[in-house]
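Subject: Structure handover

Dear colleague,

Here is the structure for your files. My notes on it follow below.

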Amino acid sequence: SPNIVRTWVHQHTVILGIHDSRLPFLKDGIHYLTDERGYNAIVRNSGGLGVVLDQGILNVSLIFKGKTEVSIDEAFTVMYLLISKMFEDEDVEIDTHEIVHSYCPGKYDLSINNQKFAGISQRRVRGGIAVQIYLCVEGSGSERAQLMHDFYQHALKGAQTKFAYPDIHPDCMASLETLLGREITVQDVMFKLLYAIKDLGGQLNMEPITTDEMLLYDKYYERIVERNAKMNAQIE
């Protein structure tokens, strides 16, 4: 496929990173998420830390295909410029810098008035670069942050670790609904995305997943299932 924009919404799931899989009391943390809060919990195959995904969160991936000269930082910048374009009519300024006390903090956190509403990650894939963002659109960003704060409380229990897990302050995160002071839905943001790409000169073609891509999907899905089965066996 050519360069791709893909969007999706997860159902009530906490996606943990590799670092999270090494938490000293991971079993207790996962039981808190699943038994007390009703979330699914899975571990992805990349670095970083846990993020909350639900029906109020829109995920967007930009996949730059082929032998691209685009660097990782340039790919981040493209995503930032796209998000800025989407909200250019709003009376807000979107900043990009690490919100230290958020969950999964990073250099390319997006915030308004120092309250994070999105995080950007990237990875090199075979034949290109993929840049992904989660946008906290609906509901309460601070409540999602409180969920992750409590997860780490259960999974760390004050233990000292070589890796510094985030000290989450829930009030440093918010949804776009809160930050813009009005109702806005995931569907609204989807339309903003499509219009922004068009305004920036992109040509949009709705193409189905190819047979080869479906085979790759099945392969990677099986890897995720196997990885999480091993993790579950270790903590049970």
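**Strand β5 and its surroundings**

Strand β5 is mostly covered, with 7 of its 9 residues buried. The model is a predicted one, and that applies to everything below. The strand comprises residues 57-65 and runs antiparallel to β9, to which 9 bridges join it. Two of the pairs can be looked up directly: Leu 58 has Leu 135 of β9 as its bridge partner, and Ile 63 has Ala 130 of β9.

β5 also pairs with strand β1 (residues 4-8), again in the antiparallel sense, over 5 bridges. In that pairing Arg 6 stands opposite Ser 61 of β5.

One residue of β5 that I went through in detail is Asn 59. It counts as buried because its relative accessibility is 1%, where the cut-off for buried is under 20%. Which residues does Asn 59 contact, leaving aside its neighbours within four places in sequence? From the N-terminal part of the numbering there are Arg 6, Thr 7, Trp 8, Val 9 and His 10. The others are Leu 53, Ile 133 and Tyr 134. Of these contacts, Arg 6, Thr 7 and Trp 8 fall within the residue range of β1, while Ile 133 and Tyr 134 fall within that of β9.

**Strand β9**

Strand β9 covers residues 128-136, and 8 of its 9 residues are buried, so the strand is largely enclosed by the rest of the structure. Besides β5, its partner is strand β8 (residues 115-125), with antiparallel pairing over 8 bridges. Ile 120 stands opposite Ile 133 of β9, and Ile 133 is also one of the contacts of Asn 59.

**The sheet**

These strands belong to an open sheet of 6 strands, in the order β1-β5-β9-β8-β7-β6 and with antiparallel pairing. β1 and β6 (95-96) are at the edges; each has a single partner strand, so one side of each is left without a neighbour in the sheet. Strands of a sheet pair through backbone hydrogen bonds, in a parallel or an antiparallel sense.

At the β6 end, β6 and strand β7 (residues 110-112) pair antiparallel over 2 bridges. Thr 96 has Leu 110 of β7 as its bridge partner.

**The protein as a whole**

The secondary structure of the protein amounts to 6 helices and 9 strands. Its radius of gyration is 18 Å, which agrees with the value near 18 Å that a compact globule of 236 residues would have. The C-alpha trace spans about 50 × 45 × 30 Å along its principal axes.

Of the 236 residues, 39% count as buried. The accessible surface comes to about 13300 Å², and carbon and sulfur atoms account for 50% of that. Among contacts with a separation of 6 or more, 75% are between residues 24 or more positions apart.

On charge, the protein has 23 positive and 32 negative charges, and their mean positions are 9 Å apart.

Regards

Methods: Residues numbered from 1 in each chain as written. Predicted model: local features only at pLDDT ≥ 70, side-chain atom pairs only at ≥ 80, totals over all residues. Heavy atoms only, no water. Helix = DSSP H or I, 4+ residues; strand = E, 2+ residues; numbered from the N terminus. Rg over C-alpha atoms; globule rule 2.2 N^0.38 Å. Buried < 20%, exposed > 50% of the residue type's maximum accessible area, 1.4 Å probe, protein only. Contact = heavy atoms within 4.5 Å. Areas by Shrake-Rupley, 256 points an atom, 1.4 Å probe, with all protein chains shown as cover. Lys, Arg positive; Asp, Glu negative; His and termini not counted. Charge placed at Lys NZ, Arg CZ, Asp CG, Glu CD. Pairing = 2+ DSSP bridges.
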